[in-house]
Amino acid sequence: MKRRIFVVESPLCIGCGKCELACAFGHGLNGKPGKSRIAIFRLGDEKGLPIVCLQCDDAACVAVCPTGALRRNKNTLAIELVPSLCVRCKMCIGACPFGNMHYDDLYNLPAKCDLCGGEPKCVPFCPTGCLKWVAEEKVAAMQKDAL
């Protein structure tokens with residue numbers, strides 16, 4: 001299985017918020033939207049900056065969790081929450097230096113981007129292609145082209 005990577009090309013973001021809606025409904029329950037795991041910091045008319053979990057190599061949220069409820073998915077490389085292990089202490093929320101952990105009142109659990117198990121719901125709704133889910137080998141080519 002080829003590994004895929006979530007890529008955000010911030011300059012393409014127009015701040016429309018479609019990714020936030022797709023995420024909220026993708027993580028919803030019984031027709032109610034959950035907490036969006038992506039947020040758009042609006043920079044004015046037609047500009048935005050997507051804020052989403054960086055899936056840190058040495059993640060503070062994982063390190064601080066007293067029960068081991070946060071674990072890296074070997075296929076997607078996303079840090080995911082195991083709800084049955086979570087004691088809802090919210091230490092992970094305070095530990096994230098980037099503010100990318102939130103509390104989802106619908107589920108009564110911490111929430112962060114989990115890459116939707118390998119099919120990020122936000123990607124197909126992004127009208128500008130700012131959000132991408134690409135093959136790992138393509139990322140190197142994208143980085144080379146950017147230089």
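Which backbone oxygen lies 3.0 Å from a polar atom of the side chain of Asn 100? The backbone oxygen of Val 52 does, as the first legend below describes. The legends refer to a predicted model.

**Figure 1. Close-up of Asn 100 and its contact with the backbone of Val 52.** Asn 100 is placed in the loop that runs between α3 and β6 (102-104). Its relative accessible area is 6%, so Asn 100 counts as buried. A polar atom of the Asn 100 side chain and the backbone oxygen of Val 52 are 3.0 Å apart. Setting aside residues up to four places away in sequence, Asn 100 touches Ile 51, Val 52, Cys 53 and Leu 54, and also Ala 111 and Lys 112.

**Figure 2. Close-up of the hairpin formed by β2 and β3.** Strand β2 (residues 38-42) pairs with β3 in the antiparallel sense, over five bridges. Five residues lie between the two strands, and Gly 44 in the turn has a positive phi of about 125°. Across the pairing, Ile 38 stands opposite Val 52, and Ile 40 stands opposite Pro 50. In a regular strand, side chains alternate between the two faces of the sheet. Strand β3 (residues 48-52) shows this alternation: Gly 48, Pro 50 and Val 52 point to one face and are buried. Leu 49 and Ile 51 point to the other face and are not buried.

**Figure 3. Close-up of Cys 23 and Cys 116, which are 5.9 Å apart at their sulfur atoms.** A search of the whole structure finds zero disulfides. Cys 23 is in no disulfide, and the nearest cysteine sulfur to it belongs to Cys 116. Why is there no bond from Cys 116 to the closest cysteine sulfur? The sulfur of Cys 116 is 5.9 Å from that of Cys 23, which is too far for a bond; the cut-off for a disulfide is a pair of cysteine sulfur atoms within 2.5 Å. Cys 23 counts as buried because its relative accessibility is 7%.

**Figure 4. Close-up of helix α1 and what covers its buried residues.** The buried residues in α1 are Cys 19, Glu 20, Ala 22, Cys 23 and Ala 24. Among the elements that cover the buried residues of α1 are β2 and β8.

**Figure 5. Close-up of His 27 and its polar contact with Asp 114.** His 27 sits in the loop between α1 (18-26) and β2. Its relative accessibility is 12%, so His 27 counts as buried. The side chains of His 27 and Asp 114 make a polar contact at 3.3 Å. Not counting residues up to four places away in sequence, His 27 touches Gly 34, Arg 37, Tyr 107, Asp 114 and Cys 116. Glu 119 is 92 residues from His 27 in sequence, and their C-alpha atoms are 12 Å apart.

**Figure 6. Close-up of the largest nonpolar core, which has 17 residues.** The members that touch the most other members are Phe 6, Cys 19, Ile 38, Leu 115, Cys 122, Val 123 and Leu 131. The elements α1, β2 and β8 (131-135) each give two or more residues to this core. A second, separate core has seven residues, including Cys 61, Ile 79, Cys 92 and Met 101.

**Figure 7. Close-up of the contact between Leu 115 and Thr 76.** Leaving out residues up to four places away in sequence, Leu 115 touches Phe 6, Gln 55, Thr 76, Ala 78, Pro 120 and Trp 133. Thr 76 is found in the loop between β4 (70-72) and β5 (79-81). Thr 76 counts as buried because its relative accessibility is 8%. Apart from neighbours within four places in sequence, Thr 76 is in contact with Leu 115, Gly 117 and Gly 118.

**Figure 8. Close-up of Pro 66, an exposed loop residue.** The loop that holds Pro 66 lies between α2 (60-64) and β4. With 53% relative accessibility, Pro 66 counts as exposed; the cut-off for exposed is over 50%. Beyond residues up to four places away in sequence, Pro 66 touches Cys 89 and Met 91. Glu 136 is 70 residues from Pro 66 along the chain, and their C-alpha atoms are separated by 32 Å.

**Figure 9. Confidence of the prediction by region.** The protein averages a pLDDT of 92, and 95% of the residues score at least 70. Confidence is highest in helix α3 (residues 91-95), at a mean of 98, and lowest in helix α4 (residues 136-146), at 71.

Conventions: Residues are numbered from 1 along each chain as its sequence is written. This is a predicted model: local features need pLDDT of at least 70, side-chain atom pairs count only at pLDDT 80 or more; totals for chains, interfaces and linings use all residues. Side-chain values use heavy atoms; hydrogens and water are left out. Buried means under 20% relative accessible area, exposed over 50%, partly exposed in between (1.4 Å probe, protein chains only). Helices (H or I, at least four residues) and strands (E, at least two) are DSSP runs, numbered from the N terminus. Two strands pair if DSSP finds at least two bridges between them. Contact means heavy atoms within 4.5 Å. A polar contact is a pair of N or O atoms within 3.5 Å; within protein, one must be able to donate a hydrogen and the other to accept it, and residues adjacent in sequence count only if both atoms are side-chain atoms. pLDDT is the predictor's confidence in each residue, from 0 to 100. A nonpolar core is a set of buried Ala, Val, Leu, Ile, Met, Phe, Trp, Tyr and Cys residues joined through side-chain atoms within 4.5 Å.
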